[in-house]
Amino acid sequence: MYFKKDSIISTSTIVTDMDSIIDDVADYVKVKKGEIESLKKAEEYRKEFVGNVAHELKTPLFSIQGYISNLLDGAFRDKELLKKYLNKADKSIERLTLIIKDLDLITQIESATLVLKKTSFDLSLIHIWRCRRIERCRS
């Protein structure tokens, strides 16, 4: 494309504008590639998290199922075994409850509905409490 010398549009202006556009598009592509990579990483973390949650839920659930099945199969007749299985099932239910509370907390954090309560406290009390716990563990 050729323009006259005294034309309103000069070739140097077009070249400069095209270079600027090319630079802008390259910058835009870099930003979008970064966003795509971030989304891919987030999806990987999400898949891993869901797999971990499924495993954490299955473990106590299958444990409870096993104890109840054994009791139904006749283990309930042995009073010691009955108490032992019920206590273990109870601990597994407590574990499920804690997992669900953790999931609820994560949901609140992600949805920004969690309201943190700020309180003042004396750090030296934590130090004293920790020292007492260590002493109990040693004895």
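A residue is classed as partly exposed when its relative accessible area falls between the limit for buried residues, under 20%, and the limit for exposed residues, over 50%. By this criterion Met18, with a relative accessibility of 43%, counts as partly exposed in the present model, which is a predicted one.

The overall architecture is helical. The protein chain contains 3 helices and 0 strands, and its elements follow the order α-α-α from the N terminus. Helix 1 comprises residues 11-72, helix 2 comprises residues 79-110, and helix 3 comprises residues 123-138. Of the 139 residues in the chain, 9% are buried. The accessible surface amounts to about 12,900 Å², and carbon and sulfur atoms account for 60% of this area. When contacts between residues at least 6 apart in sequence are considered, 50% of them connect residues at least 24 apart.

Met18 is located in helix 1 and belongs to a nonpolar patch on the surface, formed together with Ile21, Ile22, Val25, Tyr28 and Val29. The area of this patch is about 570 Å². A patch of negative charge on the surface is formed by Asp17, Asp19, Asp23, Asp24 and Asp27. Among these residues, Asp19 is situated in helix 1; its relative accessible area of 44% places Asp19 in the partly exposed class, because that class covers values between the buried limit of under 20% and the exposed limit of over 50%.

A patch of the opposite charge was also identified. Arg130, Arg132, Arg133 and Arg136 cluster on the surface as a patch of positive charge. One of them, Arg133, is part of helix 3 and is partly exposed, its relative accessibility being 42%.

Salt bridges were examined next. The whole structure contains 4 salt bridges, including a pairing of the side chains of Lys40 and Glu37 with an N to O distance of 3.9 Å. Lys40 and Glu37 are 3 residues apart in helix 1, and therefore about one helical turn separates them. Both partners are partly exposed: the relative accessible area of Lys40 is 46%, and Glu37 has a relative accessibility of 42%.

Another of the salt bridges joins Arg46 to Glu43, with 2.8 Å between the closest N and O atoms. Arg46 and Glu43 are likewise placed in helix 1, at a spacing of 3 residues, or about one turn of the helix. Arg46 is partly exposed at 44% relative accessibility, and Glu43 is partly exposed with a relative accessible area of 32%.

A salt bridge between helices was found for the side chains of Arg95 and Glu56, at an N to O distance of 2.8 Å. This pair connects distant parts of the chain, since Arg95 lies in helix 2 and Glu56 in helix 1, with their positions 39 residues apart in sequence. Arg95 has a relative accessibility of 36% and is accordingly partly exposed. Glu56, at 33%, also counts as partly exposed.

Methods
Residues numbered from 1 in each chain as written. Predicted model: local features only at pLDDT ≥ 70, side-chain atom pairs only at ≥ 80, totals over all residues. Heavy atoms only, no water. Patch = residues over 30% accessible without salt bridge, like charges linked within 9 Å, V, L, I, M, F, W, Y side chains within 5 Å. Areas by Shrake-Rupley, 256 points an atom, 1.4 Å probe, with all protein chains shown as cover. Lys, Arg positive; Asp, Glu negative; His and termini not counted. Charge placed at Lys NZ, Arg CZ, Asp CG, Glu CD. Helix = DSSP H or I, 4+ residues; strand = E, 2+ residues; numbered from the N terminus. Buried < 20%, exposed > 50% of the residue type's maximum accessible area, 1.4 Å probe, protein only. Contact = heavy atoms within 4.5 Å.
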